[in-house]
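Here are a few notes to read alongside the model. Take them in any order, with the structure open next to you.

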Amino acid sequence: MSEVKKVDIAIVGAGFAGMYATHRFRALGLNVVALEAGTDVGGTWYWNRYPGARCDVPSLEYSFGFSPELEKEWDWPEVFSAQPDILRYANHVADRFDLRRDIRFNTRVVAVDYQQADKRWRLTTDAGEVVEARFCVMATGCLSVPNKPEFPGADDFAGTVLHTGLWPKEPVDLSNKRVGVIGTGSSGVQAIPELARLAGHLTVFQRSPVYTVPANRKRMRAAVQEEFRENYTEIRQMQQNNAGGVSGFRPVKSVAVRSPTVLADRAPNDILRLTPEQRAKLVERQGLNVLLGFRDVYTDVAANEVANEVFRDGIRSLVKDPQVAEVLCPVDYGLGCKRQVLDRDYYDTFNRDNVTLVDVKAAPIESLTATGVQTTDAHYNLDVLIYATGFDAMTGALLKANITGRDGLALKTKWEHGPLAYLGLQMHGFPNLFTVTGPGSPSVLCNMLVAIEQHVNWIADCVGYLDANSLSTIEPLPASELDWVGHVNEVAQGTMYTTPSCNSWYLGANIPGKPRIFMPYVGGYAKYRVRCEQIAAKDYEGFQLG
Ligand code: NA7
């Protein structure tokens with residue numbers, strides 16, 4: 001066995017969370033190592049290289065706030081960035097802060113074990129290397145374990161198989177190919193218009209239709225970027241006080257004031273206060289996005305269904321073939337149940353001659369064959385099959401790391417009935433192990449970069465506190481995590497996220513056998529941040545220090 005590497009802090013993952021953790025803990029004078037399965041930094045943005053991959057938060061917000069120099073020197077080409085630009089940014093950050101010297105790439109952590117006697121964490125890698133650390137920080141991401149449904153005969157398919165969440169670095173030639181894609185969530189919706197342009201023929205296997213609205217496609221104007229730079233101190237403060245970790249800063253100097261006609265068209269707060277004619281007119285003028293602006297759509301089931309029907313009418317007007325349009329209309333769930341999907345030309349893609357939509361809810365996929373996909377009523381010949389089937393979200397990567405805490409308690413056992421954690425930061429029985437954007441924290445309901453920085457800063461302050469007070473361990477009391485999980489569930493009740501008809505990855509409903517629990521904290525980032533700060537200020541109330 002190779003020599004054991006001993007460090008103060010072991011970090012698992014070198015996406016944005018692991019990168020910032022490496023930087024932040026190093027600044028405390030601690031000895032750090034980050035272990036990363038990929039060959040380079042970027043995490044989610046390293047793996048999700050599929051055509052059309054893009055962020056749904058504006059880049060001037062979805063960027064690190066810890067370095068004013070970084071803010072000054074980086075130019076974003078578009079308002080909402082494409083994956084290659086975000087990955088370029090991650091690489092720039094790694095270069096600028098010399099992060100790679102403390103990151104081991106091509107290294108997958110296969111076991112994380114608590115060594116009770118010396119209160120250290122022992123991490124074992126797929127190469128059999130061992131790292132021991134006082135603290136272990138799981139920066140493993142919320143959407144990092146791809147979900148690949150097991151269809152009978154999957155191994156028989158002789159064509160190329162790809163997953164959007166594990167897209168190869170090498171160019172994929174789809175020209176003149178018969179391409180099939182399974183899945184119409186965010187990844188599928190982003191990829192499908194691009195795949196249709198690249199492929200000879202595209203067959204879309206859709207189980208659940210989606211509510212998707214056109215994304216902002218604006219190039220970044222230099223003046224807008226500059227105005228953000230001038231106001232970044234205030235913008236970062238605004239993010240800290242916003243439920244979604246987004247400042248909502250509107251450039252005033254660099255953007256012309258909207259015309260009075262457009263202002264007059266703005267939607268009132270409640271859709272139920274409009275007549276059907278007014279609703280139709282509003283959508284005609286402003287597009288489907290306008291439906292997302294009504295307050296009651298998210299709080300009132302009747303209002304929600306009105307908006308859903310207006311949305312369906314919108315789909316019917318955008319898609320030429322009425323039968324195809326009907327299959328694209330979601331009926332089983334409403335707006336606000338799943339994460340809002342943004343697209344570029346999605347509905348119009350189904351007007352192309354080289355695209356076929358297959359309803360696999362009506363006729364499910366039975367098996368894969370050597371030559372394609374067999375549903376209960378037809379066979380589809382394919383050269384390439386793409387899974388856009390999502391992720392084992394939020395808990396997947398943590399469980400996959402085989403974490404075992406005190407007294408041999410496996411995280412898998414502790415979380416058998418759902419994730420039990422305090423603030424999404426720590427678990428009882430797992431002293432000195434922290435999760436960045438873990439279940440029970442705002443995480444995926446927040447601007448991830450803001451959520452990541454807040455967690456890493458909190459953990460760094462906590463480690464500093466332990467050292468300053470000659471303490472060696474911290475873990476939550478059992479009652480604290482029970483109370484917190486109760487609170488997380490309570491605030492999720494009554495929202496559109498948890499209506500009985502809603503099945504989303506937020507609830508774990510996309511993974512067979514996964515407990516149905518709403519995992520992220522819906523109470524809002526700002527409230528959550530204040531709570532974390534108060535707890536730290538009260539000498540880590542609810543935690544047990546030793
Ligand atoms: P999602 O949103 O989980 O979407 C996965 C899609 O794959 C969805 O349409 C699923 O249909 C479909 N799916 C999954 N399993 C199957 C099987 N067995 N047969 C047919 N279709 C299937 O993942 P994404 O990657 O698109 O997006 C995840 C997040 O990444 C997104 O919310 C953004 O935050 C970024 P279903 O709805 O389960 O019927």
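1. **What counts as buried.** A residue is called buried when its relative accessible area is under 20%, and exposed when that value is over 50%; whatever falls in between is partly exposed. With that cut-off, 54% of the 546 residues of the protein chain count as buried. Keep in mind that this is a predicted model.

2. **Overall shape.** How does the radius of gyration fit a compact globule? For 546 residues such a globule would come out near 24 Å, and the protein chain has 24 Å, so the two agree. The C-alpha trace spans about 70 × 60 × 45 Å along its principal axes. As for secondary structure, you'll find 16 helices and 20 strands in the protein chain.

3. **Around the ligand.** Which residues come nearest to the ligand? They are Ser 186, Ser 187, Arg 207, Ser 208 and Arg 339, out of 18 residues around it. Sorted by class, the shell is made up of eight polar, seven nonpolar and three charged residues.

4. **Polar contacts to the ligand.** Have a look at the two arginines here. An N or O atom in the side chain of Arg 207 sits 2.8 Å from an oxygen atom of the ligand, and for a polar side-chain atom of Arg 339 the distance to a ligand oxygen is 3.1 Å. Gly 185 takes part through its backbone, where an N or O atom is 3.4 Å from an oxygen atom of the ligand. On its own the ligand has 780 Å² of accessible area, and the protein covers 84% of that.

5. **The disulfide.** There is one disulfide in the structure. Cys 337 and Cys 502 form this link, with their sulfur atoms 2.0 Å apart. The link is right-handed, at 85 degrees about the S-S bond. Where along the chain are its two ends? Cys 337 is in the loop between α10 (322–328) and β11 (341–343), while Cys 502 is in the loop between α15 (478–492) and α16 (525–537); the pair is 165 residues apart and links distant parts of the chain. Both cysteines are buried.

6. **Cysteines without a partner.** Why is Cys 136 not bonded to Cys 462? The closest cysteine sulfur to that of Cys 136 is indeed the one in Cys 462, but at 14 Å it is too far for a bond. Cys 136 is buried, since its relative accessible area is 0%. Cys 532 is in no disulfide either, and its nearest cysteine sulfur, again that of Cys 462, is 11 Å away. Cys 532 also counts as buried, because its relative accessibility is 0%.

7. **Two positive phi values.** Worth a check on the backbone. Most residues other than glycine have a negative phi. Asp 407 has a positive one, near 55 degrees, and Ser 443 has a positive one near 30 degrees. Asp 407 lies in the loop between β17 (403–404) and α13 (411–414); Ser 443 lies in the loop between β18 (433–435) and α14 (448–468). Are they buried or exposed? Asp 407 is exposed, as its relative accessible area is 64%, whereas Ser 443 counts as buried at 1% relative accessibility.

8. **A serine pair.** Ser 81 is in the loop between α3 (68–73) and α4 (83–96). Its relative accessibility is 0%, so Ser 81 counts as buried. The side chains of Ser 81 and Ser 59 are joined by a polar contact of 2.4 Å.

9. **Two pairs to find in the viewer.** Start with Ile 452, which lies in helix α14 and counts as buried at 6% relative accessibility. Its C-alpha atom is 6.3 Å from that of Thr 437, and the two residues are 15 residues apart along the chain. Then go to Leu 420, in the loop between α13 and β18. Leu 420 counts as partly exposed, because its relative accessibility is 21%. How far is Leu 420 from Pro 439 in space, C-alpha to C-alpha? The distance is 8.1 Å, with their positions 19 residues apart in sequence.

Conventions
Residues are numbered from 1 along each chain as its sequence is written. This is a predicted model: local features need pLDDT of at least 70, side-chain atom pairs count only at pLDDT 80 or more; totals for chains, interfaces and linings use all residues. Side-chain values use heavy atoms; hydrogens and water are left out. A residue is near a molecule or strand if one of its heavy atoms lies within 4 Å of it. A polar contact is a pair of N or O atoms within 3.5 Å; within protein, one must be able to donate a hydrogen and the other to accept it, and residues adjacent in sequence count only if both atoms are side-chain atoms. Accessible areas come from the Shrake-Rupley method with a 1.4 Å probe; for residues, only the protein chains shown count as cover. Ala, Val, Leu, Ile, Met, Phe, Trp, Tyr, Cys and Pro count as nonpolar, Asp, Glu, Lys and Arg as charged, and the others, Gly among them, as polar. A disulfide is a pair of cysteine sulfur atoms within 2.5 Å. Helices (H or I, at least four residues) and strands (E, at least two) are DSSP runs, numbered from the N terminus. Buried means under 20% relative accessible area, exposed over 50%, partly exposed in between (1.4 Å probe, protein chains only). The radius of gyration is taken over C-alpha atoms; the globule rule is 2.2 Å times the number of residues to the power 0.38.
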